[in-house]
Amino acid sequence: MEDNRIINYHSIEFLTRETDVAFFYPQRAYLPMEICACVREITDPFTPDENGLRVFSTEELLEAFRDIGRKWRTSHYYQQLQAALAKVNPPFVLDKIIGVALGPLTLGTRLNHDSVLQHTLLSAIHSNFIEHNVLSVPCKRYVQDPIYSQQHRDALFLAEFTVLEDPQAFLALDNSSVLLSINADIPVKQIVADICCPGVIIWDKKVDDSFLR
């Protein structure tokens, strides 16, 4: 078993919604964040599970990550992304790109395709912005997600990502940053609104965004 302390962020919707009195705890009801213990069972990566599937080794995970990236870069979605990014023209050169809550690279014994694509997207944005002088050349790719396993961290390190511990990514954000966060399971928009205004923000649009307008 692996036991990690994580920060549990509460959105404004969570803090203001009605709660059954049987589950109402005054000591916790209005806390915007809590420290929690995340417990995860670690299995032998070379032992088949009950479905006969095997967990990726770090090398296999890295190769799968790169293979998905190569295929995605031949798609029309990638061409659309390049066209959209070409329109980005901030008033000064930015110096960091940060991905928050992009998800784990694997779910159980299976590759998490959506998460791999999000990390690939961050790499594509990084390359494009450096090529078009939106980002400075020494700019690194930072990612933060407490759900990363050690295997994910190892694969990301080999793929030249720098993994930050929560909440370091939020603390590093400033107006010289590019922020990428899509379909996060934490209130990234609300947290960022209290910290700074990043130079470039790329995230999903949701119907409950009115409080930010």
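Two exercises with worked solutions follow, on a strand and a helix of this structure.

The model is predicted, so that local features need pLDDT of at least 70 and side-chain atom pairs count only at pLDDT 80 or more, while totals for chains, interfaces and linings use all residues. Residues are numbered from 1 along each chain as its sequence is written, and side-chain values use heavy atoms, with hydrogens and water left out.

**Exercise 1.** Determine how strand β3 (residues 96-100) is placed, and find which strands pair with β3.

Step 1. Strands are DSSP runs of E with at least two residues, and helices are runs of H or I with at least four, numbered from the N terminus. A residue is buried under 20% relative accessible area, exposed over 50% and partly exposed in between (1.4 Å probe, protein chains only).

Step 2. Five of the five residues of β3 are buried, so the strand is largely enclosed by the rest of the structure. K96, I98 and V100 lie on one side, and I97 and G99 on the other.

Step 3. Pairing requires at least two bridges found by DSSP between two strands. β3 runs parallel to β8 (residues 177-181), with four bridges, and β3 also pairs with β6 in the parallel sense over four bridges. G99 stands opposite L180 in β8 and opposite V143 in β6.

**Exercise 2.** Describe the surroundings of H126, a residue in helix α4.

Step 1. H126 has a relative accessible area of 11%, and therefore it is buried.

Step 2. Contact means heavy atoms within 4.5 Å. Apart from neighbours within four places in sequence, H126 is in contact with I97, L135, C139, K140 and R141.
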